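Colleague: Please take a close look at a single part of this model and explain it for a first-year student.

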Amino acid sequence: MSDPVAALKQAVADAALQLRGGTQTESQPPARLDRARRAGQGHYATNAAMLLAPALGLAPREIAQALGTQLTQALRGSLLRFEVAGPGFLNLELSDDWYHSALRALLEAGAGFGTGGAAHPERILLEFVSANPTAVLVAASGRHAAYGDALARILRFHGHSVSTEYYFNDAGSQIQRLGESVRARALGQEPPADGYQGAYVAELATEIAGADDPSVPVDAIAGRAVAILLQRIKATLARYGVHFDTFFSERTLHEGAPSPLERALSRLREAGHVYEHEGAVWLRTTTFGDDKDRVLLRSGGEPTYFAADVAYMENKRERGFERQLLPVGADHHGYVARLKAAFQALGNDPDLLEPLILQFVHLVEGDARTAMSKRRGEFVTLDELLDEIGVDATRYFMLQSSHERTLDLNLDLARSDSSENPVYYIQYAHARLSSMLARVGDERVSLAVAADAVWSSPAGELHSSEQELIRKLLSLPEEVAETAQRRAPHRMAAYALELAQDFTAFYRDCKVVGAEPSETESFRIALCAATRTQLAVVLELLGVSAPSSM
RNA sequence: GCCCCCGUAGCUCAGUUGGAUAGAGCGGCGGACUUCUAAUCCGUAGGUCGCAGGUUCGAAUCCUGCCGGGGGCGCCA
């Protein structure tokens, strides 16, 4: 019994199949097995009877009754009682024996519980942040960094092979502008109107030797500036706990003969999707659902940013990644259609390119709601945010709400009430567990979690808080699966909080150290050990530290 | 004008492959520290799930329209 809930779900499915006369109908949606919403509705509930009703032509409640009887036999001692409720729900109440063996399964699996659930493991390339090295990372990048990093951790935990990558522009007009801006500052002038205005540009001007020397080409200045800024970005990411497997330079797409960009272009030409018009080279993206065709090479022969992106996609594919995940800011959503079109034009299944749109982070200070502009130099840096509220609080804050939602970052609130961030509640639960288990001592813990340990409950019955905590622990595999499938790490943040809450309720209701008889103490120690392990696992998935004391 | 995302408690947000009486944190009010960590807990107040239709045994969830907020519609990146 490696996953007790999955086994239970299977038992329900088997019973349903038997009622149907053993014939599986293809279009039947799988029955759900949910944790009960509230007291008095059993421990788990299934809607299987309601789904069976049309096929059997019987009343749902009648079917639920039969299903319950069937399950009572199949599950024997595990099912304490069942109840037909509402329009035809079947509520199941499980025995303490079932909970005991469920906890054994949790302890056996240890930190590996819930891992490897992916039905079809894939080689995935996850590219994120990819902010141009024309400035340091801003607070909004913190959202992308936390999101991508947590998603990578979760997808790996789920069983996929994931490489993370940061793509940076070290060629093109933005870089040119950066160089010009630094040069201007070095000469004591204002940067160009479309250049970079931030104070860091002036700093760069003093750091880069020869910035004010007209004999040093602007390109060289730009190159130095990019190198310095990239270094700072890496330092910030390291501090934030975000690791990238590779940093990918755009420049390399333009190098070599033929260059990756030229190769991608040839491939598109051969496939017949390229044409010339008014001196420019176009990709017929409308063939694949885009609004209009897109330019690959400008009339001057210069490749567009889009052309580089196409070459980059092709490069990822050549490196053997079957799926490409691409979290981008909401301002890029208009770009999605042409990327997917190009991906298809290259001969790929468009479903294997997944652009993920992350909504913006708005800074709120006082009553003002400001958008951040890199070019104007109006932004809060990620480093500043980390200085203010720390890594854990920042990561949790960035992860707690759905990436599809605009995030309001209230700086006043973040500063003054940082201790009210739910992350501390979760960490506190972990610290409390650590402290308790330390007090209990390794030897006693080992005895309690041993495979032959004898467990019991005081009045012969588990407390509902104990049962709820175990059910929450057991639901990790489903949570991981849903989080991974929906590319929605905020689900894991919510789960962490719920787990901490369920533990805290257990802690409130059930004495652990010194509980009588010692078989009860053993059971509760074992439950605490399993909970601490899982809290640590979940915090790790979020990239948040799990302190042993606070 | 067309396209994408969002709208749930005073605030910040969960809950959306349709399920039972819509949840949490913060804030408000009233309580609990001689206790396994009070960064905690208990009680209480607080809701037309933006609005209006539709689909069905059942809708915050799916469909249509409208309102409000954000974003996008370059041979910029």
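Modeller: For residue classes, Ala, Val, Leu, Ile, Met, Phe, Trp, Tyr, Cys and Pro count as nonpolar, Asp, Glu, Lys and Arg as charged, and the others, Gly among them, as polar. By these classes, the lining of the largest cavity has five nonpolar, four polar and one charged residues. This is a predicted model, in which local features need pLDDT of at least 70, side-chain atom pairs count only at pLDDT 80 or more, and totals for chains, interfaces and linings use all residues. Residues are numbered from 1 along each chain as its sequence is written, and side-chain values use heavy atoms, with hydrogens and water left out.

A cavity is a set of points, on a 1 Å grid over the protein atoms alone, where a 1.4 Å probe fits but cannot get out; lining residues have an atom within 4 Å of a point. A search of the whole structure finds one cavity of 30 Å³ or more, and the largest cavity has a volume (the space filled by probe spheres set on the points, joined across faces, edges and corners) of about 50 Å³. Its lining consists of Arg143, Tyr147, Met398, Leu399, Ser401, Ser402, His403, Ala488, Pro489 and His490. H5 and helix H13 (391-400) are the elements that give two or more residues to this lining; helices are DSSP runs of H or I with at least four residues, numbered from the N terminus.

Helix H5 (residues 139-158) also meets helix H18 (residues 476-486). In contact, meaning heavy atoms within 4.5 Å, Ile154, Leu155, Phe157 and His158 in H5 meet Leu476, Val480, Ala481, Thr483 and Ala484 in H18. By class, this contact has seven nonpolar, two polar and no charged residues.

Terms used
Chains are lettered from A and ligands numbered from 1 in the order in which they are written. Axes are lines fitted to C-alpha atoms, for helices over the stretch in contact, and angles run from 0 to 180 degrees between N-to-C directions. On a 1 Å grid over the protein atoms alone, a cavity is a set of points where a 1.4 Å probe fits but cannot get out, and a pocket is an open set with protein on both sides within 12 Å along at least five of seven lines; lining residues have an atom within 4 Å of a point.
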